[in-house]
Amino acid sequence: MAGETARILVEFLEVAITSIVFLKGVYPSGAFERRRYMNLVVQRAHHPQIRDYIHYAVFGLLPFIQKGMVERAVVIFFNTDGIPVERFVFKLAVNLSYGSKVEEADLEFSLRSFLIKLSVSESLTKVLPRDYRWEITAYFRSLPEASANKDVEQWIPTDTRQWEQPPLLIPIKSMSSEPLCVHLYIEHPSLSEPKPQSGEV
């Protein structure tokens, strides 16, 4: 059951992350094309580098989500100094011991509500400058053994700068059901976050 749930989840994450990147405006709208998913009109990356990066990053998490190892999948946007300005956090929990049949339609209905919420969220509709960059980062509950699984080789420790102060959180959407719980929220730097000194990177 965990395998089917994980597959639906990573397909959803691919669409949701693409939607976030589209809505933040860091690429021209021509880099995306309209598609249908879960009976909704969504954006799909038309540019192959954007599409492949999102696809391989998210589907690279599949074997670890199936084992309950992934705690969060995060889309981080950086300013031109390489400092995070916004983080979109998908907090995940899959019940591996859930023994009943997963009703795919029910699961997709719940995840569909996230995609609807994304398109109307005020925090999402504020675009970022085109010269900002972004990345997908995963946070694991436990570190997988590199020697045990070739999938581990796709993931490397991140050197992304962290905020010194606890961030400001904006909840977007949550679902708690068997066998899947997903919480989506946005993190912004605290108002008391130290500003970098001139020339500091």
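The legends below accompany an overview and several close-up views of a predicted model.

**Figure 1. Overview of the predicted model, with its five helices and seven strands.** Read from the N terminus on, the elements of the protein follow the order α-β-β-α-α-β-β-α-α-β-β-β. Of the 201 residues in the protein, 45% are buried, and the accessible surface comes to about 10900 Å², with carbon and sulfur atoms holding 53% of that area. Among the contacts in the protein with a separation of 6 or more, 72% are accounted for by residues that lie 24 or more positions apart.

**Figure 2. The open sheet of five strands, arranged in the order 5-3-4-7-6.** Pairing within this sheet is antiparallel, and its edges are formed by strand 5 (133–140) and strand 6 (168–176), each of which pairs on one side only. From one strand to the next, the twist averages 15°. Helix 4, which spans residues 104–120, packs on the sheet and touches both strand 6 and strand 7 (180–188), and the direction of helix 4 makes about 155° with that of strand 6.

**Figure 3. Close-up of strand 3 and strand 4, an antiparallel pair within the sheet.** Strand 3 covers residues 70–78 and strand 4 covers residues 84–94, and the two are joined over seven bridges. One position to look for in this view is Arg72, whose bridge partner in strand 4 is Lys91.

**Figure 4. Close-up of the largest cavity, which holds about 40 Å³ of space.** Rolling a probe the size of a water molecule over the atoms shows where empty space is left. With a threshold of 30 Å³ or more, the count comes to one cavity. The lining of the largest cavity is made up of Ile65, Gly68, Val70, Leu92, Ala93, Val94 and Arg141. Strand 4, shown in the preceding figure with its partner strand 3, gives the most to this lining, contributing three residues.

**Figure 5. Close-up of the hairpin of strand 1 and strand 2, which has two residues between the strands.** Strand 1 (residues 32–37) and strand 2 (residues 40–45) run in the antiparallel sense and pair over six bridges. Across this pair, Glu33 stands opposite Arg44 in strand 2. In the same hairpin, Met38 takes a positive phi near 55°, a backbone feature that can be located in this view by following the chain from the end of strand 1, at residue 37, towards the start of strand 2, at residue 40.

Key: Residues numbered from 1 in each chain as written. Predicted model: local features only at pLDDT ≥ 70, side-chain atom pairs only at ≥ 80, totals over all residues. Heavy atoms only, no water. Pairing = 2+ DSSP bridges. Helix = DSSP H or I, 4+ residues; strand = E, 2+ residues; numbered from the N terminus. Axes fitted to C-alpha atoms, helices over the stretch in contact; angles between N-to-C directions. Contact = heavy atoms within 4.5 Å. Buried < 20%, exposed > 50% of the residue type's maximum accessible area, 1.4 Å probe, protein only. Areas by Shrake-Rupley, 256 points an atom, 1.4 Å probe, with all protein chains shown as cover. 1 Å grid on protein atoms, 1.4 Å probe; cavity = no way out; pocket = protein on both sides within 12 Å on 5 of 7 lines; lining within 4 Å. Points joined across faces, edges and corners; volume = space filled by probe spheres on them.
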